[in-house]
Number of protein chains: 2
Amino acid sequence: MSEPSLPIGALARSVGCNVQTIRYYEQVGLLPPATRTAGAQRRYAQVHRQKLSFIRHARELGFSLPAIRELLALAEHSDSVCSRADSIARHQLEAVRRRIALLESRRAELERMLEHRHGRRVRDCRVIATLADHGLCAEERHETDARR
Amino acid sequence: MSEPSLPIGALARSVGCNVQTIRYYEQVGLLPPATRTAGAQRRYAQVHRQKLSFIRHARELGFSLPAIRELLALAEHSDSVCSRADSIARHQLEAVRRRIALLESRRAELERMLEHRHGRRVRDCRVIATLADHGLCAEERHETDARR
DNA sequence: GCTTGAAGCTCCAGTGACTGCAGGTTTTAA
DNA sequence: TTAAAACCTGCAGTCACTGGAGCTTCAAGC
């Protein structure tokens, strides 16, 4: 009958997010509304904690809120078809892989910009020169390769 | 006297960004205001094209607009000290590396979630189960290792 | 029962770097 | 001259929160 009921701050601490985030999830309909005290303060049950924990875990993996909404709905019905959840996760994995590839190429160019010896003044600065002339970042490779 | 002057659309095509972006850069003071025709349309000179190209290149590398603002200011003065530009770039490189590390761990967990055989229904779904129980994503490794 | 300070409440604005739209004006080529 | 393409300003929307102002409620100690 009397399920342990957490105020919002305790819930926030227990899942490691902050209070505003929880209110925001309620506002956008991701988390069901809490019960309220006579003075209109929110009190949460275990089911809320589980859902919130699910949401936070999914967010850490980079799922969007719409994707999480759908995953939560799937989780509600234990006989719904699993392939949809898989497809959402595969989609996210692909997005993460594309993002990594983009960042790897950024990293490579930044490293190339930085690894050269250069003058103390901006007129000889690799960083500025590379940004100013897009050609440099492609040609740089050839020059470097040729020199070795 | 009569420098070739591009309308905004032509400039946008020539650097591969869109028209609103150019107006936005002017609005936030990243790009100096264009000269205007009698009918108040913008006309751009080569110096604008160079700056815009610099900005876009820096954006592709993930520099923030405040960082780019500073890099542009450094580029203006060819006798300013290069180490500041280097420091901005190194900072960005570190940010990119941290981001890659985060995404790699996401990728690993998503791959672990997806690589298991599982039932057709959500009650046996790895994806949902892993999200629901944060413990699974760490423990999974041990179980898997132990079983082999 | 009273006080007090922590924690809660709502509502609203701001973040970054754009993007899109509405409704109007200018330019340019035929 | 006309018609279409391109341009203009101003503002709202994106995503997932985060922060603040100004007020109310709760819980613990006395």
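**Notebook: a turn, a sheet and two helix pairs**

I began at the residue just after helix α1 of chain A, where Gly16(A) takes a positive phi of about 75°. I note here that I am reading a predicted model.

Next I went back into the helix itself. Which residues of α1(A) are buried? In this helix, residues 8-15 of chain A, I found Ile8(A), Leu11(A), Ala12(A) and Val15(A) to be buried. They lie on the same side of α1(A), because the arc they cover around the axis is only 100°. I then looked up what the buried residues of α1(A) pack against, and listed four elements of chain A: β1 (6-7), α2 (19-27), β3 (42-44) and α3 (46-60).

I moved to chain B for the sheet. I noted that strands of a sheet pair through backbone hydrogen bonds, either parallel or antiparallel. In what order do the strands of the chain B sheet run? I wrote down β1-β3-β2 for this open sheet of 3 strands, with antiparallel pairing. The edges are held by β1 (6-7) and β2 (35-36) of chain B; each has a single partner strand, so one side of each has no neighbour in the sheet. I checked one pairing in detail: β1(B) and β3(B), the latter being residues 42-44, are joined in the antiparallel sense over 2 bridges. For Leu6(B), I recorded Tyr44(B) in β3(B) as the bridge partner.

I stayed in chain B for a helix pair. I kept in mind that two packed helices are described by the angle between their axes and the distance between the axes. For α4 (residues 65-76) and α5 (residues 82-115) of chain B, the axes come within 10 Å and cross at roughly 155°. Angles over 145 degrees count as roughly antiparallel, and α4(B) and α5(B) are therefore roughly antiparallel to each other. Which residues make this contact? From α4(B) I listed Ala67(B), Glu70(B), Leu71(B) and Leu74(B), and from α5(B) I listed Arg84(B), Ala85(B) and Ile88(B). I logged the crossing of α4(B) past α5(B) as left-handed.

Last, I looked up the helices α4 and α5 in chain A. The axes of α4(A), residues 65-76, and α5(A), residues 82-115, come within 10 Å, and I noted a crossing at roughly 155°. I therefore entered α4(A) and α5(A) as roughly antiparallel to each other. The crossing of α4(A) past α5(A) is left-handed. On the α4(A) side I found Ala67(A), Glu70(A), Leu71(A) and Leu74(A), which meet Arg84(A), Ala85(A) and Ile88(A) in α5(A).

Key:
Residues are numbered from 1 along each chain as its sequence is written. Chains are lettered from A and ligands numbered from 1 in the order in which they are written. This is a predicted model: local features need pLDDT of at least 70, side-chain atom pairs count only at pLDDT 80 or more; totals for chains, interfaces and linings use all residues. Side-chain values use heavy atoms; hydrogens and water are left out. Buried means under 20% relative accessible area, exposed over 50%, partly exposed in between (1.4 Å probe, protein chains only). The arc is that of the directions from the helix axis to the C-beta atoms. Contact means heavy atoms within 4.5 Å. Two strands pair if DSSP finds at least two bridges between them. Axes are lines fitted to C-alpha atoms, for helices over the stretch in contact, and angles run from 0 to 180 degrees between N-to-C directions. Angles under 35 degrees count as roughly parallel, over 145 as roughly antiparallel, 65 to 115 as roughly perpendicular and the rest as oblique. A crossing is left-handed if the near helix is turned anticlockwise from the far one by less than a right angle, and right-handed if clockwise.
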